[in-house]
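Dear colleague,

Please find below the structure I promised to pass on to you, together with its sequence. My notes on what was found in it follow directly after.

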Amino acid sequence: MTAVFTTRASGDNIEALAERYNVSRDYIFLPIQKHTDNVHILDSGAEPVIADAVITGKKGILIGVQVADCVPLLLYDKSQGIIGAVSSTAQK
């Protein structure tokens, strides 16, 4: 597993991320973030959905979340082969 961080310049530009990390855009998944408590389980398809966390057991896919004043949490369960990316945000 490799963790990467981007800058505001590349942000959620899938094409720029695909080029930078030398992967097909079809292997990159970023949710549409709206400060929700939605967690998306990515198992098939790659249509963007509204969520602030994504988890998957799919191999060879780059997942991520965007953060500004939130803390990004990257999760990895080695025994199950599951990864996750969470944008922690305080809900009031």
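I would begin with a single pair in the sheet: isoleucine 55 has glycine 84, in strand S6, as its bridge partner. Please keep in mind throughout that this is a predicted model. That bridge belongs to the pairing of S3 with strand S6 (residues 82-88), which runs in the antiparallel sense over four bridges.

The wider setting is an open sheet of four strands in the order S2-S3-S6-S5, with mixed pairing. Strand S2 (39-42) and strand S5 (71-77) stand at the edges with a single partner strand each, so one side of each is left without a neighbour in the sheet. From one strand to the next, the twist averages 15°.

As for the remaining pairings, S2 joins strand S3 (residues 53-56) in the parallel sense over four bridges, and within that pairing valine 39 stands opposite alanine 53 in S3. S5 and S6, on the other hand, pair in the antiparallel sense over seven bridges, with proline 72 opposite serine 87 in S6. These two strands, S5 and S6, form a hairpin with four residues between them, and glycine 81 in the turn has a positive phi of about 70°.

Serine 87 deserves a second look, since the residue is found in strand S6 and its relative accessible area of 6% falls under the 20% limit, so that serine 87 counts as buried. Leaving aside residues up to four places away in sequence, serine 87 touches Gln33, Asp52, Val65, Gln66, Val67, Cys70 and Val71.

Turning to the chain as a whole, the protein chain contains one helix and six strands, and read along the sequence they follow the pattern α-β-β-β-β-β-β. Of the 92 residues in the protein chain, 29% are buried. The accessible surface comes to about 6,500 Å², with 52% of that area belonging to carbon and sulfur atoms. If one takes the contacts between residues at least 6 apart in sequence, 31% of them join residues at least 24 apart.

Which residues make up the largest nonpolar core? That core has eight residues, namely Phe29, Leu42, Val54, Ile61, Ile63, Val65, Ile83 and Ala85. A second, separate core has six residues, among them Leu17, Ile28, Leu30 and Leu62. Val65, a member of the largest core, is also one of the residues that serine 87 touches.

Finally, a word on charged side chains. A search of the whole structure finds one salt bridge, in which the side chains of glutamate 15 and arginine 25 meet at 2.4 Å, N to O. Glutamate 15 lies in helix H1 (residues 14-20) and arginine 25 in the loop between H1 and strand S1 (28-29), so the pair ties together parts that are ten residues apart in sequence. Glutamate 15 is partly exposed, at 47% relative accessibility, and arginine 25 is likewise partly exposed, with a relative accessible area of 42%.

With best wishes

Methods: Residues numbered from 1 in each chain as written. Predicted model: local features only at pLDDT ≥ 70, side-chain atom pairs only at ≥ 80, totals over all residues. Heavy atoms only, no water. Buried < 20%, exposed > 50% of the residue type's maximum accessible area, 1.4 Å probe, protein only. Contact = heavy atoms within 4.5 Å. Areas by Shrake-Rupley, 256 points an atom, 1.4 Å probe, with all protein chains shown as cover. Pairing = 2+ DSSP bridges. Axes fitted to C-alpha atoms, helices over the stretch in contact; angles between N-to-C directions. Core = buried A, V, L, I, M, F, W, Y, C linked by side-chain atoms within 4.5 Å. Salt bridge = Lys/Arg side-chain N within 4 Å of Asp/Glu carboxyl O.
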